[in-house]
Amino acid sequence: MSYKNFFTDINLKKKDIPYLSLLFIATLILVILASFNPNKVPQGYDLSIYLFNSIKLAHANVNFSISSYSLFLSPTLCFLASLFIRLGFDYFHSWILVIGIFEIIAAFSFYIFLKNRFNCLLSLTGAILLITTTYTLKILMLSLTDMASIALSTLAFVFFIAAVNKNPKYYILSSIIFILALFTRYTSGLVLPLMIFYYFSKHDLFVNLDNLISDRQKFTSDLKNYLKSPEFKYIIISIVLALVSFYLIYKTLANIDAHLGLISQVTNSVSGFQSSTHDSYYSENSLFYILRYPNGIFNKNSSLFGIRFIYVIFSLIFIGFLLKIYNLFKNREFVKEVYCNRYRFKTKFFDGFLLVFLFLLIGLIFLVKKDNVIFTMTFFLVASVICVSFLNRLNINDDNYSLTCLAICSFCIYFLFFSLINIKLHRYIITTYPAFIYLFILALEEIFSVINYNFIPIKDKYLTNDGFKFEFDKNTKSKIESIILILFFLILVLNSVNAINSYEYSQEYCEIVDMSNYLIKYDSDYISKDITSSIKYYKYFELNLDKEINFVKEKEIGNTTKFNSTYIILKKNINIPDYYIVHQEGDFNLYRHY
């Protein structure tokens, strides 16, 4: 497999270089602005866990014990950050460097994914849209792992599509990247059923089942040929390599006493996290993401001349799909002909059986819902495979329609999963953004396709017997499309730059640093004293004090018999028996034992 064939297989050519260069420059600008913002400070509980894990994996010398319990959270990125720590970078800049690299990978991998269906300019538009939505920018500024997960998941899919359509050797790359994505965020596991869906959109399961029932000889012949094919060989190799990679990562983390939470995470997912009522993000509102979806893509601050970007996005999608439906009705004779020439099952009433089974699955989806999220997703996946099987039988002359089916299925699976589980965070739903953007670009392509080539008025032909007449040439139309999309590109980038520069970071970390510095000056022997805190972000105190902090729940603070600490750090002012306040820093209070 030469490098030239490699780029051809993933739909990259020389003409992509200017577009990729432009995408790289735009993404790099956003990453630099977000990463090296002078006001940027660590914040949020998740980030404190990632920083601790990176330090643990770097075997850094610190004066506090780092719990291995949380190492199951994003070991892929934490390991990469630990390499930079070993090279001499501080833990925070090591982390944001890794996040920045994966932001660029996310943009590139999504561009390549879109190239399977769209031209360079539309693919560039989709890629830049992915990294400039409100939530993706916020995740970049907070240095969280969501975009890294999307980067690896999309890249795994890029090679999976190349394996199915071009060269089965890419199954190996796809499987290994999938495991890395899984250990970046466990929700990347939802990529696996989507891969299965795409595979069966290209290899019709029910046609083979039909042959098994009514034409055993053909089924046996097809099965023997498949088992001898290079595709089957590389699928087996990729599965084995994926399992070995999973085991090695799992075993490596277990050897450093990491209590992996994968099994408990899966168990909780099956039940929809119904037992997690104590979690501050617990919500049974199934409309949580529907109500917040528009603002997640572009909030009210993202507008031009008073028109919000999100209204433009939804309007274009609506117009594009209306045009698609109109074209289907306009060409109804062709549609009728395609339907009449469809592939017919050999087994009598097989169509009817599949339809009954499809409606049964839809009924089970509504019946099970939150009771078992994994089963609900399985029912939905099988129903989707049946639907795409019906489409396959129409012999549609379009190799890319399965990608559109994949985008719709991907959007639904991620949206259903996160809507049905009872732990809900705004940023979780960005996993639907690649599919949503694909559908937006599809609508945009449909709008451009109906623009008549007779657009530019030609001299001496202004007036005819029929009135005004316009003629078009293809190059002019292409230039107009390019100008529109480049303007859209620039508006998105400029809006993102403004959003990054105007983002207000929480001052909590600065207050933590100031409180830590005060304690270091106040008590030169603080390192030998016990310190307790009920603050959720107490780990930032450990990082700044280079000392272990005892964490207790807030309701236990009043019971001083449970701990014997010299100092207590709280985020609110309360009376604690035998303690008095020695310093206040913002919302934080430092108590000392009498």
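Student: How many cavities of 30 Å³ or more does a search of the whole structure find?
Tutor: This is a predicted model, in which local features need pLDDT of at least 70 and side-chain atom pairs count only at pLDDT 80 or more, while totals for chains, interfaces and linings use all residues. Residues are numbered from 1 along each chain as its sequence is written, and side-chain values use heavy atoms, with hydrogens and water left out. A cavity is a set of points, on a 1 Å grid over the protein atoms alone, where a 1.4 Å probe fits but cannot get out. With volume taken as the space filled by probe spheres set on the points, joined across faces, edges and corners, the search finds four.

Student: Which helix gives the most to the lining of the largest cavity?
Tutor: The largest cavity holds about 270 Å³ of space and is lined by 18 residues (each with an atom within 4 Å of a point), with T154, F157, S410, Y414 and P434 nearest its centre. Helices, which are DSSP runs of H or I with at least four residues, numbered from the N terminus, that each supply at least two lining residues include α5 (91-115) and α20 (401-420). The largest contribution, five residues, comes from α8.

Student: Why is α21 largely enclosed by the rest of the structure?
Tutor: Helix α21, residues 433-449, reaches 24 Å from its first C-alpha to its last, close to the 24 Å expected at 1.5 Å a residue, where the expected span is 1.5 Å times one less than the number of residues. It is largely enclosed because, counting as buried those under 20% relative accessible area (1.4 Å probe, protein chains only), the buried residues of α21 number 15 of the 17.

Key. Buried means under 20% relative accessible area, exposed over 50%, partly exposed in between (1.4 Å probe, protein chains only). On a 1 Å grid over the protein atoms alone, a cavity is a set of points where a 1.4 Å probe fits but cannot get out, and a pocket is an open set with protein on both sides within 12 Å along at least five of seven lines; lining residues have an atom within 4 Å of a point.
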